Structures are given as structure tokens and as C-alpha cells.
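I opened this entry to record what I looked up in the structure, going through the domains, the sheet, the helix packing and the chain contact in turn.

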Amino acid sequence: MLLEFRKDDLVRHLGLLDLQRTMQRALRRSGLPIAYSNGFNPHIVMSFASALSSGIPGDAELLDVSLKEEVSAETCLEAMNRVLPPSLPVTRVRVVDDRFPKVSAALRQAQYAITLTGSDAKKIADAVPIFLGETEIMALRKTKRQETMVNIRPMLHELTADYDEASDVCRLTARVSFVEAATLKPDLLMEALANYAGAELPRCEIRRTKLLGLVDDKPVPLFDL
Amino acid sequence: MLSKKIDALLDRVQKPARYMGGEMNCVLKDPASVAIRYAFAFPDVYEVGMSHLGSRILYDIINKRDDALCERVFMPWVDMADLMRAEDVPLFSIETRSPVGGFDMLGITLQYEMSYTNILEILDLAHIPLHSEDRTWDDPIVIAGGPCAFNPEPLYHFIDAFSIGDGEISTLETIDVVKQCKQEGVSRKECLRRLAKLRGVYVPSLYEASYNEDGTLKAFEPIEEGVPRTVVKNMVADLDHAEYPESIIVPFMEIVHDRINIEVLRGCTRGCRFCQAGMIYRPVRERSMERILDLAKKLVDETGYEEITLSSLSTGDYSCLPQLAHELMERFAEKRVALSLPSLRLDSELKETLEETQKVKKTSLTYAMEAGTQRLRDVINKGITEEDLMSSVSDAFAGGWSSIKLYFMFGLPTETYEDLDGIADLASKVVRKYFETPKNIRARGLRVNCSASCFVPKPFTPFQWEPQDTIEEFTEKQKHLCRVMRIKGVEFNWHEPHVSFLEAVFARGDRRVADVLEQAWKLGCRFDGWTDQFSFDNWMKAFELCGVDPAFYANRRREKDELLPWAFIDAGVTQQYLWRERERAVAAQTTPDCRKGCQGCGLKRFEGACEGR
């Protein structure tokens, strides 16, 4: 079963473990014929297409769940939404066989909606077209182990900015690479963009809107693959 | 607006899930549809408060009323509390993020003395005046209950009314009174007067204490006609018909006791002389097996939890425990629900049940031995022998367990260094038992976890007259224990005596320690139960500034005829019974479990108590 769900603003602070526990308990309450792993400590067979960081909400996150018997998509959707809190609704369900590779293996890109409010929002919005004209943009990527300078430009596939003067808000949409070797995190992108624009990064709200695979080099939502 | 402000803070604090709300099964009601909005506060962080069974029971009971709603309040951790002050965000409820100061009633549960400074912090963060006399109808009626309410005096200045004993009925009665008073438009003072007439309710502003020259209590009297001289505790006689939640909130974040908790019985008849809970929660009342099984099914269906705990002061004493455990295992095997049985009593027939339990999960076994020698265990009336322990661990090792926890106290009345050596002796014998178990059947990785805490004499126990060891005495004993506890396979932990010393002061304190509490809070004390937040120096400074000697409360022996600050409360057990037990303790005489014959503790005076016995 492939479940697409939303992680609302209210519960954006849930980390992966919290989300895992919540989904497991919801599955147990749902009455669906869930499958347990074999072994000493049996657990529900399920996996997320991608872990969404604590603090970031998501519009279309994916959960892959194994069931013992086949159940219709409608039944599953209805059963899950009966037991999930309103801030974590399942939006779509698709019956998929337990094929290999898993859906998550097809993940290539992610799309984010980013809202910048106040101070240098306009300056940043204005810089986007020139920023996109560059072929190389170096940024400092920090991981737990090391800090490395990387060219992030090839990992950025789409970036649009929409500035609203009345509210002094800049709304950006960014589509970026999301594969093990090359993942561009939205906060790093924003830092680099603000840096490029010579601006102070204002308050920044990030939301993941899509998880994408590629079909003939064109982005397609993972759920529809 | 407030909600947005709070939301912005959540990006800046540790564990924001503590303040998030919106969990499965939390109750959201329209505030316009009810007469009474009740905020229920647990004076510690979310993950601790959410683990407390009593709060969940009361949350459920209040929300079952059509004319009332209950929302949860927890103590924000220090980072959040500081941010809230800086950003002018008042303390808020979890459900609707409403300011706590705007509720009609604020209930606070008193589970341990070291949460008292947090109560002041909660009042302050909620912008509620600290002192009862400064409050108006714009503030909630502040009610406190729980085990520590059996000596309410250290909090007399901050709480409008205390609810003493079982809260199921009392909570509803206090809501009725406050609702009625608000509708009639009577004064707040009149409302408190009416509350004081309810059984089990103590309104401190309607009483006055005076003191002798030596500092002991001289008199304690009501200051108005019609205010009861004695406050009699509340008691739910029939647990089967008492309300119990059939649906509980499932937190997103991991909490301390993250599982279904079913109270199988209330009270304990063993009569351990150090144990306050065993005295104040009398008599023993059992929930029927039928009701427990019914609750278990409903709660598993409603929560999706993967574990059930059967809780009580002494679950091993539940009359049909093996049968119940077996039944639960059977019914929930398919759903992979594990069963854990805390406070296992060694002398209960649980072998078979244990065999069942391990089919699902193997956890460590806990034995509360409390004292190292038989003599001292007789003094405290802990009816466990060395043979009981040895036969039980021997079975456990043969059954594949390898992790054992042993709990002890030190500083018990009449204790000698021989008794301390007894602790080491028992631990070594457990280790030996493990190595005597054939290699092919015992599990690998022996772990004997031995911990010793400092004894704190509590009100309404036979040791309520006893002095606590001084910090110096505790430290000496602790050093000795560390020396003798160097045993291979044994890990030894002890508790710092400083916190226990303060606990002893507030457990048996009178009205004069209320000032110390306020002073300590002003000096920055909060979360005193958390080692990283506790500041003994600030506390000592507070005592000094108030001119109060903590040793007077912690380390002084009380005479038999001294008027004790909590003597105006009828807790069920009589002072005569407690003194009788004290005399037997000193003579190292045991008293049998009252199920085997009435010991005349006083509970028979209560209607419906001790039925069929």
C-alpha cells in the first residue's frame, strides 16, 4: 500500500521517530490487516519514502506499508483517516504490490515552497533571475563529519520567486535534486541565494510540497509513478 | 494571535512536541458550550505529566460532563519558560492554547514535594497572583490534590482549596460548587466557604495556626463557624463503578510511561511502615477481572499501543493475577501487545505468569527489598525474606532472565552498619545464584542493578515522628555502601541526600515553610527534582533569609503528644494505629497483612470500606 499524507504546520516539529511511532499506532488502530516482520522483535513492515526533518511540514509525503491481505484503496484511506489526528491526514492511497525496488528508490527530486517575510525579501526575489544565470554557485555544505564547498547550481532544477509588495513577502518555489550523492537542502539554497543577493536572510518558512521521480527526464510525483 | 506567538517560540526550543498538542484522542470542546473551563496542571514537563494515571482519569471525568471542559497544562521546560517571559507569552493550555489565567478552575496535582517551586512558577507564568488572598473572580479557583495534599500546609498560602483523597467524586463536586457560585454571583470568599463544606476539601484561608515557644504547633483551628474541624478524606468505595478512561491521549513524542496503564486495584494492605501510599490509599479495592479485560480491549483498540501495564501499589496482590495475565496474553497475542507487571511481589504466585510474559517480551525484574537484613525488614514491616528473593531470582535465571534490579533505602529508623552490609550481602548472593544456574539454560549478560535511596519520613506513616538522618550521616553511610558494593556483576547507584533532606522538610512542614518555598522560587529554584536544575545553595539561602531551620522539620524527633500539622486530616488510618505500629517497629515486631485479620487501622469507620473482610 502506498499512502500519501500531509504533515500540517501544527505538527511540523515531529521528527522521524515520532512520525514512525504515530503511523505505527495509527495502523494498529485502523483494523487494517497489517503485516509484521518475523523475528525476535516483530514490528510493522513500513517505510517512508523520505524522512522529513523536524520543523518542516509536508504536503505530499509517502508511506509504504505491507498488508497481509489486499484491501481496496478507499477502505485503507477511510480506515487511516478515522484514526489519524486531523493534522496528519492521508490524502491518497494506491495499491501497489510489494515490488522491488521500492517506491522510495525512484526518488530523484523534491519541491519546496519557501516563504520569506520582511527585511531583504525583495532584494532576494530580485536576485533570482541572475542567480539562475550562473553555472556555478559554491556553497558550504555542512554534514556531521565535515564541511565541504560544493557547486549547488547543478542540483537546482527550478526556482521561481513571487514578491508581494503589500505584505513584503517573497514566495519561492524550488525544485532540487534529492538523491544520496547530491541532495540540496532548501535552507542551504536560501543561504546561498541570500548571500548571492548580498542580503540578510529574513524569517524563512519552508514546506516540502512534492516528492518526485523522473520519467524521460521529466519530474513526476512519486505517487503516480 | 496567542497561538501564532506560541508557534513562533516553538522553533526556538528543545523538544517542541511538548507544547504542540493535537494528539490522537485529545478532547476539543467549544468553550462557549460549557459553564466551567477547567485547566488541569501537572507541575512537571509534558513527558512526565502525560505518564501520570490520575491526571488521565480526571481529564476523562471532567470532559465527560456536558457543562465542563478540561484542558491540560504542563510546566514548560526552562528554555520555554524563559522565552515566554521574554516574549510576554502567558502560560497556555495544550488543547486550545488559551491562557491558563482565564480558566474558571485550575487543578494542580501534587505528586512529589520537589515539584512545589514549579507550582509557583506555573502561577506566575499564568499571571495568577501567588497568594490566595490576592485573587479575584478574574482568576481561576486554584485547587490541588494528590498524595502530597495529605500535608497541605507548606502550600497553604498559594492554593485556594485542597482536595484530599480519591479525586473522582471530589473533582466533580468542586466543579458543581464553583459553577453554582458563579451563576449566583456570590463572592469568591463565599465560594471558598462553600467548598470548605464539601467532604475532603480543605480551604486553608479558613483556618489559623499558632505556635509554642519551642516552635511546635500549639493550636490549629477554623476561624469561622461551620467550617469543619476535621477534614475527612474522600474515598471511592467501588472501583468497578468508578469512572475509568476508555480512550486516552496518544502522545506524538515518547513519554516516560508510553503505554496503556490499567489500575487493577487501589490501596495496599501489607502495612510497610515507611510507605505513605500504603497508608493513605487504604482500603484495598479491586477492579473486577471482567472490567479490566473490557478496558484493555477498548484501550488497545482506541490507542494502538503495543504494551499494557497493570498498575497499583502491589499488583502481585491482585487476587486473580495469574488468570488475568494469562487471559490478557491470550487475547492480545495476535496484536503483539506486551504485558508488563511492575512492583512484582516476590511472595506472590507468579511463576506461571512470568512464563507467559516472556513469550512476548523479556524485561528486567525489579525487587524492592528496601532493607539489607531481616531484622530491619521486620522493623519496616517489609514482608519479604531472603529465601523469597533467592527462590524468585533462581526461577528467573532459569527462565532466561539476566537483568535484575534491587531497590533499597538507607537511613531507616534503627539502622546500623550491619544492615548496610546486608545490602551488599544480598547483591552478592543474587550474583552467585546466577552462576549456579547451568550455563546452557541461563541467558548471557548478567546485570544486577542495585540502587539505594535516602529514607524520607512521611506524614500518616508510623515513622512520621522519626528524625531523618542528617546529610552528614547519609554521606558517611553512602561512602560505606560504595566500599562494600564493589561486587563483580553489580552496578550500584545511590541518591544524593540533599534533595531527600528538602523532601523531608516539605513532607512534614507547617505553614512557616511556605515562606521559604516562595523565597527559594524567587532565588530561581524550579525543577528541583531535576539534578541539573537543583540548587541546594539557593535553598539554604532561602532558609536563612526566612529565619527557618530546616533541621527542625527534617531531623527532629517528635513526641507522641505533639500536635502534628496534618493532624486535622482524617486520612482513614488513625493516629493511635500509627503510634501502635511505631512501637512495634522499634521492637522489630511485624504486623500481618490485614487481609489475614483486621489490625484496627481505622478504615472500618468508613462506609463501604473493608467490605467482606
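**Domains of chain A**

I began with chain A, for which the domain assignment gives domain 1 (2-105) and domain 2 (107-224). I kept in mind throughout that this is a predicted model. The centres of domain 1 and domain 2 of chain A, taken over C-alpha atoms, are separated by 27 Å, and their contact takes 15 residues from domain 1 of chain A and 11 residues from domain 2 of chain A. I then looked up which elements of domain 1 of chain A face domain 2 of chain A, and noted that strand S1 (2-7), strand S3 (58-65) and strand S4 (90-94) of chain A each supply at least two residues of that side. S3(A) gives the most to this side, with 4 residues. Sorted by class, the side of domain 1 of chain A that touches domain 2 of chain A has 8 nonpolar, 3 polar and 4 charged residues.

**Domains of chain B**

I turned next to chain B, which is divided into domain 1 (2-165 + 167-224), domain 2 (235-362 + 572-613) and domain 3 (364-495). The C-alpha centres of domain 1 and domain 2 of chain B lie 28 Å apart, and I found that their contact takes 23 residues from domain 1 of chain B and 23 residues from domain 2 of chain B. On the side of domain 1 of chain B that touches domain 2 of chain B, the elements that give two or more residues are helix H2 (46-49), helix H3 (53-64) and helix H6 (167-184) of chain B. H3(B) provides the largest share of that side, 6 residues, and the side as a whole divides into 12 nonpolar, 3 polar and 8 charged residues.

**The sheet in chain B**

I followed the strands of chain B and found 6 strands in an open sheet with mixed pairing, in the order S2-S1-S3-S4-S5-S6. Strand S2 (68-74) and strand S6 (201-202) of chain B stand at the edges with a single partner strand each, so one side of each has no neighbour in the sheet. Looking at one pair more carefully, I noted that strand S4 (residues 141-145) and strand S5 (residues 161-163) of chain B run parallel and are joined by 3 bridges, and that Gly145(B) stands opposite Ser163(B) in S5(B).

I also checked how two of the contact helices lie on these strands. H3(B) lies across strand S1 (36-42), S2 and strand S3 (105-109) of chain B, running at about 155° to S2(B), while H6(B) lies across S1, S2, S3, S4, S5 and S6 of chain B, at about 150° to S5(B).

**A helix pair in chain B**

How do helix H9 (residues 289-303) and helix H10 (residues 321-332) of chain B pack, and at what angle? Their axes are 11 Å apart and meet at an angle of about 30°, and H9(B) and H10(B) are therefore roughly parallel to each other. H9(B) passes H10(B) in a right-handed crossing. I listed Met289(B), Ile292(B), Leu293(B), Ala296(B) and Val300(B) from H9(B), which meet Gln323(B), Leu324(B), Glu327(B), Leu328(B) and Phe332(B) in H10(B). This contact has 8 nonpolar, 1 polar and 1 charged residues.

**Contact between the chains**

Last, I looked up where the chains touch: the contact takes 15 residues from chain A and 18 residues from chain B. The side of chain A that touches chain B has 7 nonpolar, 4 polar and 4 charged residues.

Terms used:
Residues numbered from 1 in each chain as written. Chains lettered and ligands numbered in written order. Predicted model: local features only at pLDDT ≥ 70, side-chain atom pairs only at ≥ 80, totals over all residues. Contact = placed C-beta atoms within 7 Å. Nonpolar A, V, L, I, M, F, W, Y, C, P; charged D, E, K, R; others polar. Axes fitted to C-alpha atoms, helices over the stretch in contact; angles between N-to-C directions. Parallel < 35°, antiparallel > 145°, perpendicular 65-115°, else oblique. Left-handed = near helix turned anticlockwise from the far one by under 90°. Domains from an automatic or database assignment. Pairing = 2+ DSSP bridges.
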